[in-house]
Amino acid sequence: MTLPRRQLLRAAATSPLLVVAPSLTRAVAALDSSVPHLIDGSGLSGISLSWRISMSSVAGPHDVVAEVRARVGEDWTERIAVVSDVGHGPVDPGGREHGPAILVPGADAYEITPTGFAGVIDLRHHPIEDSPRTLSALVDEGYETVLTTVSPMVGLEIIERSNWTDRPRLDTIDCTIGSSVFGLGCRSDVGLRHAVVHHTVNVNTYSPDDVPELLRGIQRFHVDTRGWNDIAYNFVIDRFGRIWHAREGDINEPITGG
């Protein structure tokens, strides 16, 4: 869960809050793509953006549609460039493109600054709701403080999925390579062929106790915002080197990642 090239929580003490919106926004809504917007971050794990590209545009997946920064206490993170994650999952109906989930523990506000890219139409923000089920909350409720793990081979420990979520995956079906549903989170019948390493767009200064909420935020983004059947990643490695079982399914089962 590292974020190369960005240290997002480096204090931006010289960047005061720029109030450009008449009020803080929460619900999914179309945004004016020519002015910055201030989003209420209380009760959120993070936000994401989606948009459509006009037919006359020649936009590519790495065109910066907007920049987002978060406020934690009195400090602002560095700005995060939002680009299309086209190719990272199924194509959404209606031709909408999505940026990744932007997750900042403790943020009370997010500022979205569109870049004015001419091809963007119907720019929207999607709040990712928070969950009170943090590790410290679990301890208060009498849960064990020690994370439960499994060891599929000597020297390898994987933190079990039950340590961060009790939300089950949606229906998972069997599929074959080349079928219309391949890549939607199905159970492959050809076994393991390759692995993909990906990074998430979250801060890299989180605490060990923040990790379950970060994982639940990613899961809510993938399931509730994107409409996928579970968190897309089979496993997640946090900045402390711990391996978390993410996508539901037996660790030895060839579940196709998102």
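These are my notebook entries on one predicted protein model.

**Entry 1: the whole chain**

I started with the overall layout. I found 2 helices and 16 strands in the chain. Next I looked up burial: of the 258 residues, 41% are buried. The chain exposes about 13200 Å², and carbon and sulfur atoms supply 55% of that area.

I also checked how contacts reach along the sequence. Taking contacts between residues at least 6 apart in sequence, I noted that 70% join residues at least 24 apart.

**Entry 2: strand β4 and its partners**

I picked strand β4, residues 66–72, for a closer look. Is it enclosed or open? I counted 5 of its 7 residues as buried, so β4 is largely enclosed by the rest of the structure.

Then I listed the strands that pair with β4. Strand β9, residues 109–114, pairs with β4 in the antiparallel sense over 6 bridges. Strand β6, residues 80–82, is also antiparallel to β4, with 3 bridges. Strand β5, residues 75–76, runs antiparallel to β4 and is joined to it by 2 bridges.

I wanted some residues to click on. Alanine 66 stands opposite proline 114 in β9, and alanine 66 also stands opposite valine 82 in β6. For β5, I noted arginine 71 opposite tryptophan 76.

I followed the chain from β4 into β5 and met a hairpin with 2 residues between the strands. Glycine 73, in the turn, has a positive phi of about 65 degrees.

**Entry 3: the nonpolar cores**

Which residues have the most contacts inside the largest nonpolar core? They are Leu49, Val68, Ile102, Tyr110 and Ile112, in a core of 21 residues. I traced the core back to its strands: β3 (44–53), β4, β6, β9 and β10 each supply at least two residues. The largest share, 4 residues, comes from β3.

I also noted a second, separate core of 16 residues, which includes Ile128, Tyr206, Ile218 and Ala246.

**Entry 4: salt bridges**

How many salt bridges does a search of the whole structure find? The search gives 13. I wrote down a few of them.

Arginine 167 pairs with aspartate 224, with their closest N and O atoms 2.6 Å apart. This pair links distant parts of the chain, as the two residues are 57 residues apart. Arginine 167 is in the loop between β12 (156–159) and β13 (174–175), while aspartate 224 is in helix α2, residues 211–225. I looked up the exposure of arginine 167 as well: its relative accessibility is 29%, so it counts as partly exposed.

Arginine 220 and glutamate 213 meet in a salt bridge of 2.6 Å, N to O. Are these two buried or exposed? Both arginine 220 and glutamate 213 are buried.

Arginine 242 forms a salt bridge with aspartate 238, and the closest N and O atoms are 2.7 Å apart. Why do I call aspartate 238 buried? Its relative accessible area is 3%, and buried means under 20%.

I also found a network: Arg52, Arg96, Asp122 and Arg124 are joined by salt bridges that share partners.

**Entry 5: aspartate 122**

One member of that network, Asp122, made me stop. Most residues other than glycine have a negative phi. Aspartate 122 has a positive phi of about 55 degrees although it is not a glycine. I located aspartate 122 in strand β10, residues 120–129. With 23% relative accessibility, aspartate 122 counts as partly exposed.

**Entry 6: tyrosine 233**

My last stop was tyrosine 233, in the loop between α2 and β15 (235–237). Its relative accessibility is 21%, so tyrosine 233 counts as partly exposed; the cut-off for buried is under 20%.

Which residues is tyrosine 233 in contact with, leaving aside its neighbours within four places in sequence? I listed His198, Thr200, Ile218, His222, Ala246 and Arg247. Ile218 and Ala246 also appear in the second core. For histidine 198, I noted a polar contact of 3.4 Å between its side chain and that of tyrosine 233.

I checked one distance too. The C-alpha atoms of tyrosine 233 and isoleucine 255 are separated by 9.9 Å, and the two residues are 22 residues apart along the chain.

Methods:
Residues are numbered from 1 along each chain as its sequence is written. This is a predicted model: local features need pLDDT of at least 70, side-chain atom pairs count only at pLDDT 80 or more; totals for chains, interfaces and linings use all residues. Side-chain values use heavy atoms; hydrogens and water are left out. Buried means under 20% relative accessible area, exposed over 50%, partly exposed in between (1.4 Å probe, protein chains only). Two strands pair if DSSP finds at least two bridges between them. A salt bridge is a side-chain nitrogen of Lys or Arg within 4 Å of a carboxyl oxygen of Asp or Glu. Contact means heavy atoms within 4.5 Å. Accessible areas come from the Shrake-Rupley method with a 1.4 Å probe; for residues, only the protein chains shown count as cover. A nonpolar core is a set of buried Ala, Val, Leu, Ile, Met, Phe, Trp, Tyr and Cys residues joined through side-chain atoms within 4.5 Å. A polar contact is a pair of N or O atoms within 3.5 Å; within protein, one must be able to donate a hydrogen and the other to accept it, and residues adjacent in sequence count only if both atoms are side-chain atoms.
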